[in-house]
Amino acid sequence: MDFCGWSWEENKLFEMALAVIDEDNPDRWKEIISVIGGKRSEEEVKKHYEALLRDLNIIESGMFDQEFGEAQDCTQDITLTGDEQNFQTC
């Protein structure tokens with residue numbers, strides 16, 4: 001699975017780091033980079049975070065069509081078939 005160049009493992013570590021590292025921590029992005037293996041720049045991590053927030057907003061707004069697996073105003077393809085999930089989040 002490819003999350004715009006992020007491996008599944010990186011994405012899961014990223015989500016875990018977001019959950020445990022306080023957003024008021026002045027070193028938040030550096031700590032997240034460390035948790036995910038240190039190979040991403042602060043800019044890449046922030047961009048990935050912004051993409052996650054956009055996805056969450058689409059889902060929470062009800063614009064995500066679960067039957068067809070795509071957001072009504074999304075420019076990226078999202079395909080959900082059975083147990084497979086291919087997300088393009090950037």
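A nonpolar patch on the surface is formed by Leu13, Met16, Val20 and Val35, which together offer about 330 Å² of accessible area. Patches here are built from residues with over 30% relative accessible area and no salt bridge, nonpolar side chains (Val, Leu, Ile, Met, Phe, Trp, Tyr) being joined within 5 Å and like charges within 9 Å. Accessible areas come from the Shrake-Rupley method with a 1.4 Å probe, and for residues only the protein chains shown count as cover. Helix 1 (residues 8-20) gives the most to the patch, with 3 residues, while valine 35 sits in helix 2 (residues 28-35). Valine 35 is partly exposed, its relative accessible area being 32%; the class lies between buried (under 20%) and exposed (over 50%), again with a 1.4 Å probe and protein chains only.

The model is a predicted one, in which local features need pLDDT of at least 70 and side-chain atom pairs count only at pLDDT 80 or more, whereas totals for chains, interfaces and linings use all residues. Residues are numbered from 1 along each chain as its sequence is written, and side-chain values use heavy atoms, with hydrogens and water left out.

As for the overall fold, the protein chain holds 3 helices and 4 strands, arranged along the sequence as α-α-α-β-β-β-β. These elements are DSSP runs numbered from the N terminus (helices: H or I, at least four residues; strands: E, at least two). Of the 90 residues in the chain, 26% are buried. The accessible surface comes to about 6400 Å², with 47% belonging to carbon and sulfur atoms.

Turning to the interior, the largest nonpolar core has 10 residues: Trp6, Phe14, Ala17, Leu18, Ile21, Trp29, Ile32, Ile33, Ile36 and Val45. Helix 1 and helix 2 each supply at least two residues of this core. Such a core is a set of buried Ala, Val, Leu, Ile, Met, Phe, Trp, Tyr and Cys residues joined through side-chain atoms within 4.5 Å. Isoleucine 21, leaving aside neighbours within four places in sequence, is in contact with Arg28, Glu31, Ile32 and Val35, a contact being heavy atoms within 4.5 Å.

The aromatic side chains provide 2 pairs. The ring centres of tryptophan 6 and phenylalanine 14 lie 5.4 Å apart with the planes at 65°, so this pair is edge-to-face. Rings of Phe, Tyr and Trp (its six-membered ring) pair if their centres lie within 6.5 Å; planes under 30 degrees apart count as stacked, over 60 as edge-to-face and the rest as tilted. Both partners are buried, tryptophan 6 at 4% relative accessibility and phenylalanine 14 at 0%. Tryptophan 29 and tyrosine 49 form an edge-to-face pair, 5.3 Å centre to centre with 65° between the planes. This pair links distant parts of the chain, with tryptophan 29 in helix 2 and tyrosine 49 in helix 3 (residues 42-61), 20 residues apart.

Finally, the structure holds 4 salt bridges, each a side-chain nitrogen of Lys or Arg within 4 Å of a carboxyl oxygen of Asp or Glu. Glutamate 10 pairs with arginine 40, their closest N and O atoms being 2.9 Å apart. The two belong to distant parts of the chain, glutamate 10 in helix 1 and arginine 40 in the loop between helix 2 and helix 3, 30 residues apart. Arginine 40 also meets glutamate 44 (3.2 Å, N to O), and Glu10, Arg40 and Glu44 are thus linked in a network of salt bridges.
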